[in-house]
Amino acid sequence: MNFLESVVVQCPYCGEPMELDIDCAAGRQEYTEDCPVCCKPVTVSVTLKEDGRPQVEVRPEDA
Ligand SMILES: [Zn+2]
């Protein structure tokens, strides 16, 4: 089975879309990922919805 879910979010710095591979098997998680366009650190916050699909929020690392 594949628990990886591709989610496209918008970079909070430059507004460009960035694609994230979310590991749904890991459940709730928060990590930092550099934007591929502007290279700034983006905090990615993942929660799982009732249907098991990820709800992803991004914010600037220093916010
Ligand atoms: Zn960016």
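Reader: Why does E5 count as buried or exposed?

Author: E5 has 19% relative accessibility, and buried means under 20% relative accessible area, exposed over 50% and partly exposed in between, with a 1.4 Å probe and protein chains only. E5 therefore counts as buried. The model is predicted: local features need pLDDT of at least 70, side-chain atom pairs count only at pLDDT 80 or more, and totals for chains, interfaces and linings use all residues. Residues are numbered from 1 along each chain as its sequence is written, and side-chain values use heavy atoms, with hydrogens and water left out.

Reader: What makes R53 and E5 a salt bridge?

Author: The closest N and O atoms of R53 and E5 are 2.9 Å apart. A salt bridge is a side-chain nitrogen of Lys or Arg within 4 Å of a carboxyl oxygen of Asp or Glu, so the pair qualifies as a salt bridge. R53 lies in the loop between β4 and β5 (54–60) and E5 in strand β1, so the pair ties together parts that are 48 residues apart in sequence. Strands (E, at least two residues) are DSSP runs, as are helices (H or I, at least four), numbered from the N terminus.

Reader: How many salt bridges are found in the whole structure?

Author: The search finds 2. R59 also pairs with E30, with the closest N and O atoms 3.2 Å apart. This pair links R59 in strand β5 to E30 in strand β3, 29 residues apart.

Reader: Why is E30 called exposed or buried?

Author: E30 is called exposed because its relative accessibility is 51%. R59, at 32%, counts as partly exposed.

Reader: How do you know which atoms coordinate the zinc ion?

Author: The SG atoms of C11, C14, C35 and C38 coordinate the zinc ion at 2.3 Å. Donors are N, O and S atoms within 2.8 Å of the metal (3.2 Å for Na, K and Ca); water is not among the atoms, so sites may look incomplete.

Reader: What makes the site of the zinc ion tetrahedral?

Author: The angles among its 4 donor atoms are 103 to 115°. Four donors count as tetrahedral if all angles lie between 85 and 135 degrees, so the site is tetrahedral. C11 lies in the loop between β1 (4–10) and β2 (17–23) and C38 in the loop between β3 (29–34) and β4, so the pair ties together parts that are 27 residues apart in sequence.

Reader: Why is T43 called buried or exposed?

Author: T43 is called buried because its relative accessible area is 7%. T43 is placed in strand β4 (residues 41–48).

Conventions: Four donors count as tetrahedral if all angles lie between 85 and 135 degrees; four count as square planar and six as octahedral if opposite donors are over 155 degrees apart and all others between 65 and 115; anything else is irregular.
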